[in-house]
Amino acid sequence: MNFKTLAKSRVSIRDFQDKPVAKDLLKEIVSDAQQAPSWANSQPWKVYIATGETMKAIQGEHLKKSQDGIKGYSDLPVKSIKEWGELPWSNMETWLESVHQDATMKEFGEANARLWQAPSMAYITVPKSAPVWSIYDSGSFAQTLMLSAASHGVDSMVAYENIKYPDEIRSHLGVSDDELVVAGIALGYRSQHPINQFENSRIETDDILTIK
């Protein structure tokens, strides 16, 4: 598979089969992600993967909090999306409108609350003492991880939803209070649920690119 095909094959999956990803394969995917660059080779990330009963316990707690209407309190601060700037707000507004109009996304809220019924979730952390640049590095690591997963036929879903209640992650995976939970990536195999038919669009390259 060439890179362009691989990159386009990685899409956000919102409902997974009840089929585990082999632990040896999860380890290989993380090993691939370790090739991501970082400032002065600092490699600030750690990865905690929930599977099996641990994953089910996190999903159960997450669903209960969601049903109780508990607002998210992620380790990273969250601004109102209208404060993100004109370009990202315009992109999100277009995306939200398409979500509301697409019949395949009618269970979007429920899918969020269920954590996509994913069989596994990779949580990426960095030390609280790390500079902001480590967040950039962890993003590079996360994307490399998802592309490696795609190359192995493993689907993924990265979302704020996955880390909005960090206490459930800490209690079940032993993440210390000295670490920031910066990303959660669901990993598994896509189901045939209609919600997985929804396609995201991308703006034109010329709209973001300047070459002089």
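**Group meeting: a sheet, its helices and some salt bridges**

Okay, let's start on helix H3, residues 52–67, where glutamate 53 is exposed at 60% relative accessibility. Exposed here means over 50% relative accessible area, buried means under 20%, and partly exposed is in between, with a 1.4 Å probe and protein chains only. Quick housekeeping: this is a predicted model, so local features need pLDDT of at least 70 and side-chain atom pairs count only at pLDDT 80 or more, while totals for chains, interfaces and linings use all residues. Residues are numbered from 1 along each chain as its sequence is written, and side-chain values use heavy atoms, with hydrogens and water left out.

So what does glutamate 53 meet in a salt bridge? Its partner is lysine 56, at 3.8 Å from N to O. By salt bridge I mean a side-chain nitrogen of Lys or Arg within 4 Å of a carboxyl oxygen of Asp or Glu. The two residues are three apart in H3, so about one helical turn separates them. Helices and strands, by the way, are DSSP runs numbered from the N terminus: H or I with at least four residues for helices, E with at least two for strands.

Now, the salt-bridge count comes to nine. Another one joins arginine 170 and aspartate 75, with the closest N and O atoms 2.8 Å apart. Arginine 170 sits in helix H7 (residues 166–173) and aspartate 75 in the loop between H3 and helix H4 (86–101), so this pair ties together parts that are 95 residues apart in sequence. Arginine 170 is buried at 15% relative accessibility, while aspartate 75 is partly exposed at 22%. Then there's glutamate 161 with lysine 164, at 3.4 Å between the closest N and O atoms. Glutamate 161 is buried at 10%, and lysine 164 is buried at 14%.

There's also a network of salt bridges linking Glu61, Lys65 and Glu168, which brings me to how H3 and H7 pack. Their axes are 10 Å apart and the angle is about 155°. Axes are lines fitted to C-alpha atoms, for helices over the stretch in contact, and angles run from 0 to 180 degrees between N-to-C directions. That makes H3 and H7 roughly antiparallel, a label for angles over 145 degrees. From H3, the contact residues include Glu61 and Lys65, and from H7 they include Glu168. Contact means heavy atoms within 4.5 Å.

On to the sheet. Four strands make an open sheet in the order E1-E2-E4-E3, with antiparallel pairing. Two strands pair if DSSP finds at least two bridges between them. At the edges are strand E1 (46–51) and E3, each pairing on one side only. The twist averages 25° from one strand to the next.

How many bridges join E2 to E4? Eight, with E2 covering residues 120–127. Isoleucine 124 has alanine 183 as its bridge partner in E4, and valine 47 stands opposite isoleucine 124 in E2. E1 and E2 pair over six bridges, and strand E3 (residues 155–158) pairs with E4 over four.

Is E4 enclosed or open to the outside? Ten of the ten residues of E4 (residues 179–188) are buried, so the rest of the structure largely encloses this strand. Helix H6 (residues 133–151) lies across E1, E2, E3 and E4, at about 10° to E4.

Definitions and conventions. Parallel < 35°, antiparallel > 145°, perpendicular 65-115°, else oblique.
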